Amino acid sequence: MATKKEIPQMVRLDTYSRWQANEGIPVYDTFFVQDLKELELGPWGRTGGHGAFVNLEGAGDTNNCYVAEVPLGGSTQPQRHLYEEMVYILQGNGATTIWNEANEKHTFEWQAGSLFAIPLNTFYQHFNTSGDTPARYVAVISAPVVMNLFHNSDFVFNAPYDFIDRYDGSRAFDGDGELFVNSRGTFNIWETNFVPNADSFELYKRANRGAGGSYLAFELAHNTMVAHISEFPVGTYKKAHKHGPGANVIILGGQGFTLLWEDGKWDDRVKVDWKPGSIVVPPSQWFHQHFNSGDIPARYLALRWGSNRYHYRPGGADDSRGSTETSVRDGGGQIEYEDEDPVVHRIFEEELKRSGAICRMKAMVSGCTGVELEE
Ligand SMILES: [Fe+2]
């Protein structure tokens, strides 16, 4: 009788995780980071700088975040790749040179607060011009999707193709752009490839997401990922809402907290206390609500899926029909103030007492012991 042949077990590969582990820098698996500026980094051989990956649970393997430093008085190694990358400068000054085979080199300067995207598969190199201060940035990359789809990192880093539809060398990184309104007419969009200072960039009123808030979306370098900045006044909080994975929320200004809970599991909610430099990613379809408990306006930057121009939202992230600004009563993903658990407001007022600020939600929330918001 023939001996039974062993059937080999199929080994499942997560190309992105394997690549990430091989990069040799720290990898933080977490829900929230309170200060990206304090995060410990390690030497990053491939780039010539320092870095650390931050695997935020709420990204759901759709995008990933890393923090990096450009060496003092030096530069990173040139590189190109087939995944998108958005960069926000946390600290320091520097410059970045972009080029491809079809177009000559273009260099632009940045500072703490600058926001830009590396056009897809262009070569780029970062320079630190801060003197003796480290130049540190946080980046959100679509690498998990791209690397796991092709499962060939040589291709992802060495593809000899110039996407002239993304970068044709004609558009300077000078902060110029064009203003649009989204297809539902509910918010404005600034199309550009460089935002000199996201911390102070002028926003536009957007009433449907909550008290006195302002907003602007940023379409960068013809990406499929998108950015937006939201700011809300002292003594207010935003409406709770839910959507798909991968919205990396980075606090630019102010002090406050975010409540996050899985639909139907309010009692198991998570609270994170933030300040400038914090990052949190709400897990897919978890409700989340941002509260300003400090004494200046709170401003955050979201680096996420959902370009208003190029449709693609992995992991059920689709809110193109406006579900994140439509009440759950109407089948959307937003909880209007009048529908929220009264505990929400009590938590907020408790927190305000600690900071000495006055609640300004009287016109919006019954039971509010504060004052009306002046606009
Ligand atoms: Fe959100």
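Is Glu191 buried or exposed? Glu191 is buried, with a relative accessible area of 9%, and this residue returns below in one of the close-up views of what is a predicted model.

**View 1. The iron ion and its three histidine donors.** In this close-up, the iron ion is held by the NE2 atoms of His241, His243 and His288, with coordination at 2.2 Å. Along the chain, the donors of the iron ion are spaced according to the pattern H-x1-H-x44-H. Because His241 belongs to strand S18 (residues 240-241) while His288 belongs to strand S23 (residues 286-292), the pair ties together parts that are 47 residues apart in sequence. His241 counts as buried because its relative accessibility is 10%, and His288 likewise counts as buried, at 2% relative accessibility.

**View 2. A salt bridge between Arg309 and Glu191.** Here the side chains of Arg309 and Glu191 form a salt bridge in which the closest N and O atoms are 2.7 Å apart. Arg309 sits in the loop between strand S24 (298-305) and strand S25 (334-335), whereas Glu191 is part of strand S13 (residues 188-192), so the pair ties together parts that are 118 residues apart in sequence. The two partners can also be described by their accessibility: Arg309 is partly exposed, with a relative accessible area of 41%, while Glu191, as stated at the start, is buried at 9%.

**View 3. A salt bridge between Glu23 and Arg46.** A search of the whole structure finds 17 salt bridges, and one of them joins Glu23 to Arg46, with 2.7 Å between the closest N and O atoms. Glu23 is found in the loop between helix H1 (15-22) and strand S1 (27-30), and Arg46 in the loop between strand S3 (42-44) and strand S4 (49-56), so this pair ties together parts that are 23 residues apart in sequence. Glu23 counts as buried because its relative accessibility is 12%, whereas Arg46 is partly exposed, with a relative accessible area of 31%.

**View 4. A salt-bridge network that includes Lys271 and Asp273.** The side chains of Lys271 and Asp273 meet in a salt bridge, with a distance of 2.7 Å from N to O. Salt bridges that share partners join these two residues with Glu351 and Arg354, which gives one network of Lys271, Asp273, Glu351 and Arg354. Within this network, Lys271 is partly exposed, with a relative accessible area of 34%, and Asp273 is also partly exposed, with a relative accessible area of 36%.

**View 5. Cysteines without a disulfide.** The structure holds zero disulfides, and this view turns to Cys359, for which the nearest cysteine sulfur, that of Cys368, is 3.6 Å away. A disulfide is counted when two cysteine sulfur atoms lie within 2.5 Å, so a distance of 3.6 Å does not qualify. Cys359 is buried, with a relative accessible area of 4%, and Cys65, another cysteine of the model, is buried as well, with a relative accessible area of 1%.

**View 6. The loop that holds Ala221 and Thr224.** Both residues belong to the loop between strands S16 and S17, where strand S16 covers residues 214-220 and strand S17 covers residues 225-232. Ala221 has a positive phi of about 50 degrees, although it is not a glycine, and Ala221 counts as buried because its relative accessibility is 5%. Thr224 also counts as buried, at 15% relative accessibility. When residues up to four places away in sequence are left aside, Thr224 touches Glu84, Arg166, Trp305, Gly306, Ser307, Tyr310 and Tyr312.

**View 7. A positive phi at Asn121.** The phi angle of Asn121 is near 60 degrees, which is a positive value in a residue other than glycine. Asn121 lies in the loop between strand S9 (115-118) and strand S10 (123-128), and Asn121 counts as buried because its relative accessibility is 2%.

**View 8. A nonpolar patch on the surface.** Leu149, Phe150 and Phe155 form this nonpolar patch, and together they have about 320 Å² of accessible area. Among them, Phe155 lies in helix H3 (residues 153-158), and Phe155 counts as partly exposed because its relative accessibility is 36%.

Definitions and conventions
Residues are numbered from 1 along each chain as its sequence is written. This is a predicted model: local features need pLDDT of at least 70, side-chain atom pairs count only at pLDDT 80 or more; totals for chains, interfaces and linings use all residues. Side-chain values use heavy atoms; hydrogens and water are left out. Patches are made of residues with over 30% relative accessible area and no salt bridge: like charges are joined within 9 Å, nonpolar side chains (Val, Leu, Ile, Met, Phe, Trp, Tyr) within 5 Å. Accessible areas come from the Shrake-Rupley method with a 1.4 Å probe; for residues, only the protein chains shown count as cover. A salt bridge is a side-chain nitrogen of Lys or Arg within 4 Å of a carboxyl oxygen of Asp or Glu. Helices (H or I, at least four residues) and strands (E, at least two) are DSSP runs, numbered from the N terminus. Buried means under 20% relative accessible area, exposed over 50%, partly exposed in between (1.4 Å probe, protein chains only). Contact means heavy atoms within 4.5 Å. Donors are N, O and S atoms within 2.8 Å of the metal (3.2 Å for Na, K and Ca); water is not among the atoms, so sites may look incomplete.
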